[in-house]
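Got a minute to go through a structure with me? Have a look at the model below, and then we can walk through its packing and its charges.

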Amino acid sequence: MSAAPHVLDNPARASLTGPHAHFAERRGRVLRYPADVSPWLALPDDPDPDADDWADVAALAGPGKEIALPGFSGEIPAGWEITFRGEGVQFVDDGLAAAPDPEAVRLGPADVPEMLDLVERTRPGPFLPRTVELGTYLGIRRGGALVAMAGERLHPPGWTEISAVCTDAAVRGEGLATRLTLAVAHGIRARGETPFLHTAADNATAVRLYESLGFRLRRRTRFLAARVPERPERPADGRVATVG
């Protein structure tokens, strides 16, 4: 008898059926975030290529749209283009020295233009106009300009992912990413939850940093993105439901 899946094995689905259910768009067994919140889409643990699961993915995303499938390791249907494939690692809190940071400020919707600009220059991963709504984002400013940030993304029950950790090139080496990571982790811990995060498996610098801070490797995973065919088959009723 196989063990039940861990909540972090399919964290996007656990988020969208749990604390982030108010964001969820559903079609059949498939869930996704709104396109301006996150590109991540959540398949069931056992997607069936012979059922409607992939047709439901196409209905949610739309013809020709790119979707992100975190942790998915199965087969993509014929006619779908794989646009990105990478190896990742998932780390969990194993003794972080989490602490608030006196220089960190809470970021909100009014700060989004600066956040998007920082993300464009530093490339920490997907960050969209409404990503800030997923949780707490903290930043550090110098001379009024946003130079570093980190925040919360996926939110499976009992866990919160730290994401969008980035620092402007002009202030790298000052430890701002470390300070913000620990500050975000402090807020997560204060809610009685456990921090976790993802990074690319070949990002040796990030891996060493997170291990030195007190994160432990939980598992290896995959980052996958695919493009829906321009003429996908759609379920007959054509509806997309919002749940939560």
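What follows is a tour of the core, the aromatic rings, the salt bridges, one odd arginine and the strand pairing. Keep in mind that this is a predicted model.

**The core**

Let's start inside. The largest nonpolar core holds 24 residues, and Ile162 and Phe215 have the most contacts within it. Which elements feed this core with at least two residues each? They are the strands β5 (81-93), β7 (137-142) and β8 (145-152), plus the helices α4 (176-190) and α5 (204-213). Helix α4 gives the largest share, with 7 residues.

Ile162 is a good place to zoom in. Leaving aside residues up to four places away in sequence, Ile162 touches Gly151, Thr181, Val184, Ala185, Ile188, Pro195, Phe196, Leu197 and Phe215. So that list has Phe215 on it, the other residue named for having the most contacts inside the core.

**Aromatic rings**

The count of aromatic pairs comes to 7. Two of them share Trp54. In one, the ring centres of Trp54 and Phe72 are 5.6 Å apart with the planes at 70 degrees, so the pair is edge-to-face. Trp54 sits in helix α2 (residues 53-61) and Phe72 in the loop between β4 (66-68) and β5, so the contact ties together parts 18 residues apart in sequence. Trp54 and Phe72 are both buried.

In the other pair, the centres of the Trp54 and Trp80 rings lie 5.2 Å apart and the planes meet at 75 degrees, which makes this pair edge-to-face too. Trp80 is in the loop between β4 and β5 while Trp54 is in helix α2, so here the parts tied together are 26 residues apart in sequence. How accessible is Trp54? Its relative accessible area is 6%, so Trp54 counts as buried. Trp80 comes out at 13%, again buried because the cut-off is under 20%. Put together, Trp54, Phe72 and Trp80 make one aromatic cluster.

**Salt bridges**

On to the charges: the model has 22 salt bridges. Here are three of them, with N to O distances.

| Pair | Closest N to O distance |
|---|---|
| Glu81 and Arg227 | 3.4 Å |
| Glu114 and Arg141 | 2.9 Å |
| Asp117 and Arg121 | 3.0 Å |

Take Glu81 and Arg227, whose side chains meet in a salt bridge. Glu81 belongs to strand β5 and Arg227 to strand β11 (residues 215-227), so this pair ties together parts that are 146 residues apart in sequence. Glu81 is partly exposed at 43% relative accessibility, and Arg227 is partly exposed at 29%.

The bridge between Glu114 and Arg141 also links distant parts of the chain: Glu114 is in helix α3 (residues 112-122) and Arg141 in strand β7, 27 residues apart. Glu114 has 31% relative accessibility, so it counts as partly exposed. Arg141, at 24%, counts as partly exposed as well.

Asp117 and Arg121 stay within helix α3, 4 residues apart, or about one turn of the helix. Asp117 is partly exposed with a relative accessible area of 40%, and Arg121 is partly exposed with 42%. Elsewhere, bridges with shared partners join Asp101, Glu103, Arg142, Glu174 and Arg179 into one network.

**An arginine without a partner**

Now for Arg13, which lies in helix α1 (residues 11-16). Buried or exposed, and with or without a salt bridge? Arg13 is buried and has no salt bridge; Asp45, the nearest side chain of opposite charge, is 5.7 Å away. That distance rules out a bridge because the cut-off is within 4 Å. As for what Arg13 does touch, the contacts beyond four places in sequence are Arg29, Val30, Leu31, Ala42, Leu43 and Pro44.

**Strand pairing around β5**

Finally, back to β5. How many bridges join β5 to β11? There are 12, and the two strands run antiparallel. Within this pairing, Gln90 stands opposite Arg219 of β11. Strand β5 is also joined to β10 (residues 194-200), by 5 bridges and again antiparallel. There, Val89 has Thr199 of β10 as its bridge partner.

Conventions
Residues are numbered from 1 along each chain as its sequence is written. This is a predicted model: local features need pLDDT of at least 70, side-chain atom pairs count only at pLDDT 80 or more; totals for chains, interfaces and linings use all residues. Side-chain values use heavy atoms; hydrogens and water are left out. Buried means under 20% relative accessible area, exposed over 50%, partly exposed in between (1.4 Å probe, protein chains only). Lys and Arg count as positive and Asp and Glu as negative; His and the chain ends are not counted. Contact means heavy atoms within 4.5 Å. A nonpolar core is a set of buried Ala, Val, Leu, Ile, Met, Phe, Trp, Tyr and Cys residues joined through side-chain atoms within 4.5 Å. Rings of Phe, Tyr and Trp (its six-membered ring) pair if their centres lie within 6.5 Å; planes under 30 degrees apart count as stacked, over 60 as edge-to-face and the rest as tilted. Two strands pair if DSSP finds at least two bridges between them.
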